[in-house]
Amino acid sequence: MAASRRSVKEYLDTLDDAAWGASEVTPKFVSKSDPAAQWTGALKGHAFFAYAANYLIDLDHAIIIDVEASRAIRQAEVGAARTMIERAQDRFGLYPERLAADSAYGSAEMLAWLVHERGIEPHIPVFDNSQRQDGTFERAAFTCDHKELRQRQKACRMPRPLVDENGMMRYRASKLDCDGCSLKPRCFLIAPARKILRSIHEGARDMASDIATTEEC
Ligand code: SF4
């Protein structure tokens, strides 16, 4: 009896992992009969409980290499992509040079995993949310060590950044530097000094952006 109670608990734990493990966001609705199914409105019509079928396809030869079901939620689908890439290597010795996927796979962590851990070129659109509407310098105007601006404006220094719990590096210029800087009106309008946020995985994001802007893509 004790053994069967443990089995039931293990089974329920597994369901919990499948149902909530992929995302820290608690699902809005959970199916009582199938808690790992995801309540989704992805098809723009009525929402329903569903899973996602994820495919890994060899585009050169138009062959489906692998299929992995997951919850119909972005984090789980990204996890399925990793699983299939690893499995294709283990089972078939296939090692892709490039991965083409939609922007759902363009998180900084996923790009870093592809580039740094697997050596795979990410042909994945990357959204840049750093655009500024007030006409001041965008984040792209700053190199990560601020060297470019340091060359143009010797007073411009941004010390080693702090890294927050989301893996974002927070650069902050010195107010003293900014107050004496001729670029200040083009750099920021209200704050006491300019701040720049960059992901610790920004190098992989830059690589994906560069690939997306080459002619062949
Ligand atoms: S205003 Fe500040 S952050 Fe902007 S370029 Fe000048 S020193 Fe650098």
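Tutor: Two strands pair if DSSP finds at least two bridges between them. The structure discussed here is a predicted model.

Student: In β3, which residue is the bridge partner of tyrosine 51?

Tutor: The strands β2 (48-58) and β3 (63-71) pair in the antiparallel sense over eight bridges. Within this pairing, the partner of tyrosine 51 in β3 is arginine 71.

Student: Which strands stand at the edges of the sheet β1-β2-β3?

Tutor: This is an open sheet of three strands with antiparallel pairing, in the order β1-β2-β3. An edge strand here has a single partner strand, so one of its sides is left without a neighbour in the sheet. The strands in that position are β1 (38-40) and β3.

Student: What angle does the direction of α2 make with that of β3?

Tutor: Neighbouring strands of the sheet β1-β2-β3 are themselves turned by 55 degrees against each other on average, direction ignored. Helix α2 packs on this sheet and touches β2 and β3. Its direction and that of β3 make an angle of about 140 degrees.

Student: Why does the distance between the end C-alpha atoms of α2 agree with its expected span, and what is that distance?

Tutor: α2 has 19 residues, and at 1.5 Å a residue these should span 27 Å. The end C-alpha atoms agree with this, because they are apart by 26 Å.

Student: Against which elements do the buried residues of α2 pack?

Tutor: The buried residues of this helix are Ala76, Glu77, Val78, Ala80, Ala81 and Ile85. They pack against two strands and a helix, namely β2, β3 and α3.

Student: Which elements give two or more residues to the largest nonpolar core?

Tutor: That core has 17 residues, of which Ala81, Tyr105, Met110, Leu111 and Ala204 touch the most other members. The elements contributing two or more residues are α2 (74-92), α3 (108-117) and α7 (202-212).

Student: Leaving aside neighbours within four places in sequence, with which residues is alanine 204 in contact?

Tutor: Alanine 204 is among the core residues that touch the most other members. With neighbours within four places set aside, its contacts are Ala108, Leu111, Ala112, Val115, His116 and Pro122.

Student: In β8, which residue is the bridge partner of methionine 169?

Tutor: A further open sheet has the order β6-β7-β8, again with antiparallel pairing. β6 (162-163) and β8 (195-199) stand at its edges, each with a single partner strand. Strand β7 (residues 168-172) pairs with β8 over five bridges, and the partner of methionine 169 in β8 is arginine 198.

How values were computed:
Residues numbered from 1 in each chain as written. Predicted model: local features only at pLDDT ≥ 70, side-chain atom pairs only at ≥ 80, totals over all residues. Core = buried A, V, L, I, M, F, W, Y, C linked by C-beta atoms within 7 Å. Buried ≥ 20, exposed ≤ 12 C-beta atoms within 10 Å, placed from the backbone. Helix = DSSP H or I, 4+ residues; strand = E, 2+ residues; numbered from the N terminus. Contact = placed C-beta atoms within 7 Å. Expected span 1.5 Å × (residues − 1). Axes fitted to C-alpha atoms, helices over the stretch in contact; angles between N-to-C directions.
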